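Welcome! Please open the structure in your viewer and keep the selection tool ready, and we will walk through it stop by stop.

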Amino acid sequence: MTRRKSSYRSLVSLQRDNAVCRACVEAGYPLGSLPVFEGRPGQRALIYGQAPGVVEGEQRRPWRGRAGQTLRRWLEMDEETFYDTFYCASVTRCYPGRHLSGRGDRPPTPPEIELCRFWHEWEVRLLRPELIVPVGGLAARKLLGLTRVSEYVGRSYEVDGALAIPLPHPSGASGWLNDPANRSQLDGALRQLRAAVYRLR
Ligand code: SF4
């Protein structure tokens, strides 16, 4: 049974409850994994993805699949530095399962997103990150209200007192990334992000 306190005083206590959350299943949504997130108190940067994929769901560790490898290559980080630098969470934290059409993963529904917002809001309140990196269209929309990838990649924003630098999703599913004309825009965003990470050290 999902347990949500009316308030949390520590990130570890929040994580303990989040790790066993079944709120979406209890609301009737099929999920393919238990919650996936990773981080510790004191981390100053937060990566905010869309939802875990099948690999992440199986391993219960964020960014383990090909998209994670691409993201680390973009950031010029090895695995150890990546997980040491970033608290990793997402808009919804359980693998949503395959799309009924059989093509790709099922996108999280608005009620699931709403149910999971609770964890993100408490996470930000307790972690108080200085840098937030929304990755992919859903994360940019939910965190910053942004909808056009060509307009937000390469720009920075302020949210909850943190610097936010959105990135396109590295999965390659987005046609935007495949257009060579957008490569310099992505390079600009990555330069900005690497500099922001450097300043945190
Ligand atoms: S997606 Fe979020 S709210 Fe839904 S069951 Fe998983 S952790 Fe809970």
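**Stop 1: around the ligand**

Start with helix α6, which gives the most to the shell around the ligand, with three residues. Keep in mind as you look that this is a predicted model. Now select the whole shell: N18, C21, R22, A23, C24, P35, T92, R93, C94, E112, L115 and C116. Try colouring these residues by type, and you should find seven nonpolar, two polar and three charged. Which helices each supply at least two residues of this shell? They are α2, residues 23-26, and α6, residues 110-127.

**Stop 2: helix α4**

Next, select residues 66-75, which form α4. Within this helix, A67, G68, L71 and L75 are buried. Turn the view until you look down the axis of α4: the buried residues fall within an arc of 100°, so they line one face of the helix. Here is a handy rule to go with that view: an α-helix has 3.6 residues a turn, so residues three or four places apart point the same way.

What do the buried residues of α4 pack against? Show α5 (79-85) and α10 (183-200), and you have both partners. Before moving on, click on E76, just after α4, which takes a positive phi of about 60°.

**Stop 3: helix α10**

Stay with α10 and select all of this helix. α10 has 18 residues, and from its first C-alpha to its last it reaches 26 Å, close to the 26 Å expected at 1.5 Å a residue. Now pick out the buried residues of α10, which are A189, L193 and V197. These cover an arc of only 75° around the axis, which puts them on the same side of α10.

Where are S184, R191, A195, Y198 and R199? These exposed residues sit on the face of α10 turned away from its buried side. To see what lies against the buried residues of α10, show β1 (45-49), α5 and β3 (131-134), since the packing is against these elements.

**Stop 4: the largest nonpolar core**

For the last stop, select L46, Y48 and V133. Of the 47 residues in the largest nonpolar core, these three touch the most other members. The helix that gives the most to this core is α6, with six residues.

Finally, zoom in on V133. Leaving aside residues up to four places away in sequence, V133 touches I47, Y48, I165, L167 and L193. You have already met L193 as one of the buried residues of α10.

Methods: Residues numbered from 1 in each chain as written. Predicted model: local features only at pLDDT ≥ 70, side-chain atom pairs only at ≥ 80, totals over all residues. Near = placed C-beta within 6 Å. Helix = DSSP H or I, 4+ residues; strand = E, 2+ residues; numbered from the N terminus. Nonpolar A, V, L, I, M, F, W, Y, C, P; charged D, E, K, R; others polar. Buried ≥ 20, exposed ≤ 12 C-beta atoms within 10 Å, placed from the backbone. Arc of directions from axis to C-beta. Contact = placed C-beta atoms within 7 Å. Core = buried A, V, L, I, M, F, W, Y, C linked by C-beta atoms within 7 Å. Expected span 1.5 Å × (residues − 1).
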